[in-house]
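Here is a short report on one protein model and the ligand it holds. Look at the structure first, then read on.

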Amino acid sequence: MSKLFIKLKVNLILYILPLFLASQSFAQEPEIPTDAAVISEGAKLFKGNCAQCHNVKTRLVGPALQNVWERQPVSWVINFIKYPEKTITSGDPYATALYEEYKQMMPNHDFFSDEEILSILAYVKDETNKEDVADVPTPGSGGGGQEVESSVNSDLLLAIVVGLVILLIIILIVMVLLVSALTRYIRKEKELTEEEKEFLDQRFDVGSVLKSKAFIGIVTFIFVAVVAQGIVDGLLGIGVQQGYAPDQPIPFSHKLHAGYYEIDCKYCHTGVEKSKNANIPSANICMNCHNSIRTTSPEMNKIYTAIENNEPIQWVRVHNLPDLAYFNHSQHVKVGGLDCENCHGDIKEMEVVQQHSLLTMGWCIDCHRETDVNAKGNDYYDKLLQLHESDSKEPMKVEDIGGLECSKCHY
Ligand code: HEC
Ligand code: HEC
Ligand code: HEC
Ligand code: HEC
Ligand code: HEC
Ligand code: HEC
């Protein structure tokens, strides 16, 4: 009897307990959700907290996150994301190896719940399954797609025109040669009547053509047209630099950084929500990544030199309002809720930044006439909105809050 009991106990310990434990840890391994709402929640969290260091499919500051759930159990991944430092210093071999490779400590994310981290993983998994649409733009291919294209086009046009002119001249020469050869031939071979001789001796009189009214008329017309076009272009274009895209000391590509790697504009242009100026990033911001990504190249050396000599990189300013005008970024981006694209065009596609808008007074004012004030959730506008709605059915435009007053834009 007691033997049987002991056997049972041994059995229990040997077989049933491990089974029980295994099934228990199986149940604890969380599933990555596939729900669309969760994925979009995760997308937001990823963009706000992880995107400056991670991409789904390519290495950035940290590893590419695709399939991380196959490299380690999901519970491990969640714990690592919450406490990377603790995991690494605890001597976990996988985490230690990662740290050796990346030589940077990922910050703690202990403020996230497990569900929030699972939603991020759900987003990563969803992105992993998507087909790769965008090609990686080649880094450092400065000079820029758009620009090169248009200059190729105008070069081609010029080549065609020059070719046509040369062809015309050749045709003219051949015809003159033919005529003179034929004249000589006819003179030699044929008995000619007086009338025919007179006809042959008739010269093509260049002088009389040049003096003819028709010729003078045509030349004057072309001259006047060209000059007038020049004057009109010049007048309209005074101070307008739309399309201005200067070469920069380092061929920094927005298409690569903001487009392909989806680095948030505010990560580099730190002032857009807080101040008048958007700010151009200092070399130190570049080093957040470039001390571990593509650390050696002639372009990177320029960044290192700037930092060593404690000198700023000499970026060439693209947008230039005259001193008499006042423009404030935070007013438009933070308060007005406008996107950068409204004024700067599709920066994410630009290898070289170019001035997208006119930046004239008329441009500012047109937009102030057309754009509704973003008054939602802004107590400051409540009173104004009430006043406005009491005597107008139209939505409140920037014009209605004083956006056309000279002193708002001029010092
Ligand atoms: C400041 C940069 C930084 C931020 C922000 C960051 N990480 Fe990391 N992450 C790293 C680095 C670097 C590593 C490599 C491990 C190490 O050295 O700490 C890493 C490693 C990881 C790993 C392990 C990858 C593998 O291949 O096993 C996961 C998972 C991860 N990060 C997820 C996240 C998530 C999710 C977020 C956002 C909530 C995030 N990270 C935010 C830098 C960052
Ligand atoms: C990794 C850093 C980085 C990111 C991210 C970034 N920029 Fe820039 N940006 C720069 C640097 C450096 C310059 C100066 C060199 C140049 O003009 O290319 C610049 C220049 C500009 C300029 C022209 C400034 C001038 O001289 O008038 C605009 C406009 C601009 N960025 C808008 C954006 C927008 C919009 C985004 C997001 C879609 C963005 N940037 C993302 C680094 C960045
Ligand atoms: C958030 C990370 C990040 C930041 C910040 C960043 N870069 Fe990059 N940069 C990258 C990545 C990723 C690549 C692509 C590297 C590759 O393909 O090997 C890259 C490539 C480049 C290249 C092309 C490579 C070469 O050697 O020609 C240049 C130039 C460059 N970056 C300049 C800058 C400058 C200047 C700044 C600061 C204004 C900056 N980067 C800030 C991530 C970053
Ligand atoms: C309502 C139009 C408008 C919007 C929206 C806007 N900008 Fe600008 N931006 C301008 C004008 C105008 C200038 C020229 C300012 C000057 O010369 O004083 C400028 C200049 C800049 C510059 C050059 C440096 C500086 O501070 O003058 C950068 C960088 C820049 N913008 C980035 C951005 C980014 C990033 C966003 C989005 C977060 C953005 N801008 C949104 C109109 C706009
Ligand atoms: C794409 C549309 C757009 C363009 C272009 C634009 N603005 Fe604005 N602007 C707005 C909006 C929207 C507001 C209202 C923001 C708010 O709610 O306070 C605003 C507000 C302002 C204000 C504050 C007005 C007030 O009464 O409080 C000033 C000043 C201003 N803009 C100057 C400029 C200047 C200067 C330019 C041209 C260089 C310009 N804006 C171009 C949309 C634009
Ligand atoms: C929404 C902003 C805005 C308002 C309102 C505004 N201006 Fe301007 N103004 C500008 C900007 C921006 C420029 C610079 C344009 C340029 O360089 O082409 C400018 C330029 C000018 C110039 C110089 C002309 C030139 O071509 O250099 C004069 C003069 C001027 N404004 C007068 C006025 C007067 C008077 C008012 C009021 C009736 C007024 N502005 C209202 C934005 C504004």
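## A helix with a nonpolar face

Helix 8 spans residues 145–189, and Ile171 is part of it. The model is predicted. Is Ile171 buried or exposed? Its relative accessible area is 40%. Buried means under 20% and exposed means over 50%, so a value in between counts as partly exposed. Ile171 is therefore partly exposed.

Ile171 also belongs to a nonpolar patch on the surface. The other members are Leu156, Ile160, Leu164, Leu167, Leu168 and Met175. Together, the patch residues have about 700 Å² of accessible area.

## Around ligand 1

Now turn to the ligand. How many residues surround ligand 1? The count is 26. Cys50, Cys53, His54, Gln104 and Met106 are the closest.

What classes make up this shell? It has 19 nonpolar residues, six polar ones and one charged one.

Several helices contribute. Helix 3 (68–71), helix 4 (74–82) and helix 6 (93–102) each supply at least two shell residues. Helix 6 gives the largest share, with four residues.

Polar atoms of the protein also meet polar atoms of the ligand. The table lists three such pairs.

| Residue | Atom of the residue | Atom of ligand 1 | Distance |
|---|---|---|---|
| His54 | polar side-chain atom | nitrogen | 2.7 Å |
| Tyr94 | side-chain N or O atom | oxygen | 2.6 Å |
| Met106 | polar backbone atom | oxygen | 3.2 Å |

His54 and Met106 thus appear twice here: both are among the closest residues to ligand 1, and each has a polar atom paired with the ligand.

Technical notes
Residues are numbered from 1 along each chain as its sequence is written. Chains are lettered from A and ligands numbered from 1 in the order in which they are written. This is a predicted model: local features need pLDDT of at least 70, side-chain atom pairs count only at pLDDT 80 or more; totals for chains, interfaces and linings use all residues. Side-chain values use heavy atoms; hydrogens and water are left out. Patches are made of residues with over 30% relative accessible area and no salt bridge: like charges are joined within 9 Å, nonpolar side chains (Val, Leu, Ile, Met, Phe, Trp, Tyr) within 5 Å. Accessible areas come from the Shrake-Rupley method with a 1.4 Å probe; for residues, only the protein chains shown count as cover. A salt bridge is a side-chain nitrogen of Lys or Arg within 4 Å of a carboxyl oxygen of Asp or Glu. Buried means under 20% relative accessible area, exposed over 50%, partly exposed in between (1.4 Å probe, protein chains only). A residue is near a molecule or strand if one of its heavy atoms lies within 4 Å of it. A polar contact is a pair of N or O atoms within 3.5 Å; within protein, one must be able to donate a hydrogen and the other to accept it, and residues adjacent in sequence count only if both atoms are side-chain atoms. Ala, Val, Leu, Ile, Met, Phe, Trp, Tyr, Cys and Pro count as nonpolar, Asp, Glu, Lys and Arg as charged, and the others, Gly among them, as polar.
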